Amino acid sequence: MENEFELIAKTFMGLEPVLAKELTQLGANNVKIGRRMVSFTGDKEMMYRANFSLHTAIKILKPIAHFKAQSADDVYEEIKKIDWTEYLDNDRTFAVDSVVFSEEFRHSKFVSYKVKDAIVDQLREKTGSRPNISVANPDLRLHIHIADVAPGKSECTLCLDSSGESLHRRGYRQESVEAPLNEVLAAGMILMTGWQGETDFIDPMCGSGTLLIEAALIARNMAPGLFRKEYAFEKWPDFDADLFDQIYNDDSKEREFKHHIYGYDVDIKAVNTARLNAKAAGLTADITVEEQDFKNFTQPKEKSILVCNPPYGERISTPDLLGTYRMIGERLKHQFLNNDAWILSYREECFEQIGLKPSIKIPVYNGSLECEFRKYQIFDGKLKDFRSEGGVVKTDDEKRQMAEKHRFKKNREFKQRLDEQEENENSDIRSFTFHKHEMDSKDSKGSRYPRKAKDSREPRDSRDSKDSRDSRKPRDFRDNNRNRGGHERFDRSGGKRNKRFDHDDE
């Protein structure tokens with residue numbers, strides 16, 4: 001068995017505990033929570049599985065160097081010490097991105113330039129020529145993180161990016177509506193509720209259907225990587241295609257989902273978009289989407305959980321925003337009795353209009369917005385009567401979380417730096433704003449093989465019609481009655497392998 005090595009899973013602020021639990025369940029070792037990341041150890045198989053199976057990770061990084069630096073020249077010299085012939089040759093392209101929280105290294109793009117120069121200079125000295133840079137589709141992606149650990153000294157970590165495009169880009173989204181919810185955040189919200197498919201699931205303001213689809217994946221314990229076309233590690237020289245195919249085609253941990261998922265939206269365009277995305281994911285058997293205003297929501301017949309991301313009045317303008325939240329509270333109080341509702345929002349004045357006392361408030365970032373994810377336990381009658389009948393308003397874990405001091409303040413400094421970093425990364429180096437902080441072997445061009453339906457051994461081309469083969473979109477799984485939604489799996493009993501997504505013939 002290959003020796004374990006250090007790995008880092010990046011995520012959004014507020015989702016670190018959820019990601020840590022996912023990694024532990026996946027079998028990762030030495031799991032430790034950090035800021036917007038969880039570190040762990042594992043072998044090559046664990047790295048592949050983390051990319052393929054984690055719902056709340058946005059990147060899986062493999063550190064290859066740790067060093068301290070006091071200047072840009074130090075960074076250059078340390079990067080030059082690495083033998084880059086192990087990772088690159090002059091026929092392969094690379095790209096470097098960086099994240100910087102440092103007084104000395106104030107511009108992330110400048111750090112990226114120094115890393116690039118060190119790599120290019122070393123290979124030119126060794127081979128007489130240089131590799132090329134490719135920002136759009138490099139063969140090797142590098143990531144460097146720099147943070148001050150003492151005045152005048154910074155800790156630097158250089159990583160290989162094993163994911164490539166952010167893991168929130170699942171591949172099932174065909175279209176989106178205005179201000180769509182990020183897939184990783186949606187999955188994190190659902191996992192925070194503890195729901196695993198034991199009841200029906202409802203999103204009464206479903207937009208493009210992200211919460212619905214992520215809920216179906218969680219309920220069936222399906223890997224979100226099923227729809228991805230590629231990962232960065234597939235271009236690495238040591239890529240083990242057979243190992244990844246084994247991971248990709250293993251459906252042994254998927255489970256039956258005996259309940260149903262319902263989505264509603266007042267906008268027919270959003271309804272059609274959600275239906276299209278659910279169809280692309282092959283999950284229409286589990287998801288029903290209908291046009292309906294939340295104000296017409298009625299008591300569900302079955303035990304249900306409601307998870308909702310209403311407008312905040314930030315990216316989406318809503319007439320009578322506070323009235324919308326009053327309506328939400330009224331519907332929940334009268335038409336969602338004996339069920340739990342979870343609401344994500346940004347403004348305290350919006351939450352106040354709901355008029356219900358939450359049992360838990362969880363701070364989480366939606367983009368740069370410091371939001372809260374609140375749970376409302378809806379019961380009929382008085383609280384005293386509910387408790388006397390054995391009802392529990394707050395679990396011991398919820399009481400512990402709510403008792404934590406400074407839960408909503410400890411990350412404010414981080415938010416300030418995040419805003420400044422985004423501002424600087426979007427600007428030219430000449431217009432940079434300075435901020436001061438107080439210190440406290442490769443196979444078939446990397447193509448993948450389709451998960452065939454177990455009852456089918458037809459060649460790919462005989463199953464796919466022309467209109468379903470778009471090189472920029474995942475396969476449209478049309479036969480939703482086959483293999484629980486039509487997810488195609490490799491036939492493990494024998495026969496010729498077919499590529500999962502053959503970019504050449506598409």
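Me: When do two strands count as paired?
Reply: DSSP looks for bridges between the strands. To count as a pair, they need at least two bridges.

Me: How many bridges pair β5 with strand β7 in this predicted model?
Reply: This model is predicted. Strand β7 covers residues 140–150 and runs parallel to β5. One link in β7 is Arg141, the bridge partner of Ala95. The number of bridges between β5 and β7 is eight.

Me: Which residue stands opposite Phe94 in β6?
Reply: β5 also pairs with strand β6, residues 132–133. Two bridges join them, and they run parallel. Opposite Phe94 in β6 stands Ile133.

Me: Is strand β5 largely enclosed or left open by the rest of the structure?
Reply: Buried means under 20% relative accessible area. Strand β5 spans residues 93–101, and eight of its nine residues are buried. So the rest of the structure leaves β5 largely enclosed.

Me: Which strands stand at the edges of the open sheet of seven strands?
Reply: The order is β11-β10-β9-β12-β13-β15-β14, with mixed pairing. An edge strand here has a single partner, so one side is left without a neighbour in the sheet. That fits β11 (287–291) and β14 (360–366).

Me: What is the average twist from one strand to the next in this sheet?
Reply: The sheet is open and has seven strands. From one strand to the next, its twist averages 20 degrees.

Me: What is the bridge partner of Asp200 in β12?
Reply: Strand β9 takes in residues 200–203, and strand β12 takes in residues 304–308. They run parallel and are joined by three bridges. In β12, Asp200 has as its bridge partner Ser304.

Me: What angle does helix α8 make with β11?
Reply: Helix α8, residues 268–280, packs on the sheet. It touches β10 (261–265) and β11. Between the directions of α8 and β11, the angle is about 165 degrees.

Me: Is Asn221 buried, partly exposed or exposed?
Reply: Asn221 is in the loop between α6 (210–220) and α7 (241–248). Its phi is positive, about 55 degrees, although it is not a glycine. Buried needs under 20% and exposed needs over 50%. The relative accessibility of Asn221 is 32%, so Asn221 is partly exposed.

Me: What is the relative accessible area of Asn338?
Reply: Asn338 sits in the loop between α9 (321–335) and β13 (339–345). Its phi is also positive, near 65 degrees, and it is a residue other than glycine. Asn338 counts as partly exposed, with a relative accessible area of 48%.

Terms used
Residues are numbered from 1 along each chain as its sequence is written. This is a predicted model: local features need pLDDT of at least 70, side-chain atom pairs count only at pLDDT 80 or more; totals for chains, interfaces and linings use all residues. Side-chain values use heavy atoms; hydrogens and water are left out. Helices (H or I, at least four residues) and strands (E, at least two) are DSSP runs, numbered from the N terminus. Axes are lines fitted to C-alpha atoms, for helices over the stretch in contact, and angles run from 0 to 180 degrees between N-to-C directions. Contact means heavy atoms within 4.5 Å. Buried means under 20% relative accessible area, exposed over 50%, partly exposed in between (1.4 Å probe, protein chains only).
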